[in-house]
Amino acid sequence: MSLKQYLKRGIKYIINGQPVLHTTANIVTSSWNDLLKDKRILITGGSKGIGFSMAKKFVSEGAKVMITGRNEDSLKTVADELGCMYWCMDVSNTDKVCQQFKNVDEQIGGFNCLINNAGISLHEKSFFDVTVNQFDSQFSTNLKGGYFLTQCFTDICKGGEITAKLSLSLLNEVFL
Ligand SMILES: NC(=O)c1ccc[n+]([C@@H]2O[C@H](COP(=O)([O-])OP(=O)(O)OC[C@H]3O[C@@H](n4cnc5c(N)ncnc54)[C@H](OP(=O)(O)O)[C@@H]3O)[C@@H](O)[C@H]2O)c1
């Protein structure tokens, strides 16, 4: 706004008084309950942690969930507890995972959504303790695995949704 306009407004306020502003808002609340109903969701790394919490919430919202992980015993225990399916796989083993993905996708009737959650963190003790093997393993799991699984998913499940890793604070707000 120009100086002239400020002055004009000032004079107007002096003569007429400052206007009272009213703001109206239409607040619409919608139920979350049906958003995920019958959606077929693949969560990598769902046997514990954030993936587990997502799986639990999605199942409670009526989604058909499949969790993945490397340890079959814990996957089975969690899948029984939550009432979901599981796929034992190592996401860093990209060739094998992409070969198997098509069959798994067919079994479930076509995924609507992929959540790339599986990941490891090897740098938490000390920066100086990280070895080259650990570094490679973390990148193969957290980055390469999710990247190539997303490639298979987008190729096969056209029109689906992909979520990248979410921040823990966001998940706390949304799900926990
Ligand atoms: N927790 C945090 O504060 C935090 C912060 C920022 C980002 N994140 C990211 O959020 C994600 C989940 O974290 P979280 O704390 O919930 O982890 P978590 O409790 O350690 O759980 C990791 C899950 O991923 C699976 N997993 C690990 N490596 C795998 C592989 N190669 N192939 C398939 N599954 C694999 C694990 O099962 P198996 O061991 O049986 O394979 C487990 O189900 C990770 O990607 C992490 O990097 C976490």
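## Fold, core and ligand shell

Of the chain's 176 residues, 23% count as buried (20 or more other C-beta atoms within 10 Å of their own, with C-beta atoms placed from the backbone). The model is predicted: local features need pLDDT of at least 70, side-chain atom pairs count only at pLDDT 80 or more, and totals for chains, interfaces and linings use all residues. Residues are numbered from 1 along each chain as its sequence is written.

The chain has six helices and five strands. Helices (H or I, at least four residues) and strands (E, at least two) are DSSP runs, numbered from the N terminus. Along the sequence the pattern reads α-β-α-β-α-β-α-β-α-β-α.

The largest nonpolar core holds 27 residues. Such a core is a set of buried Ala, Val, Leu, Ile, Met, Phe, Trp, Tyr and Cys residues joined through C-beta atoms within 7 Å. Ile 41, Leu 42, Ile 43, Ala 55, Val 65, Met 66 and Ile 67 touch the most other members. These elements each give two or more residues to this core:

| Element | Residues |
|---|---|
| Strand E1 | 40-43 |
| Helix H3 | 72-82 |
| Strand E3 | 85-88 |
| Helix H4 | 94-108 |
| Strand E4 | 113-115 |

H2, E2 and H5 do so too. H2 gives the most, with five residues.

The ligand has 25 residues around it (C-beta atom, placed from the backbone, within 6 Å). Gly 45, Gly 49, Gly 69, Arg 70 and Gly 119 come nearest. Helix H2 (49-60), strand E2 (64-69) and helix H5 (132-156) each give two or more residues to this shell. H2 gives the most, with three residues.

How values were computed:
Buried ≥ 20, exposed ≤ 12 C-beta atoms within 10 Å, placed from the backbone.
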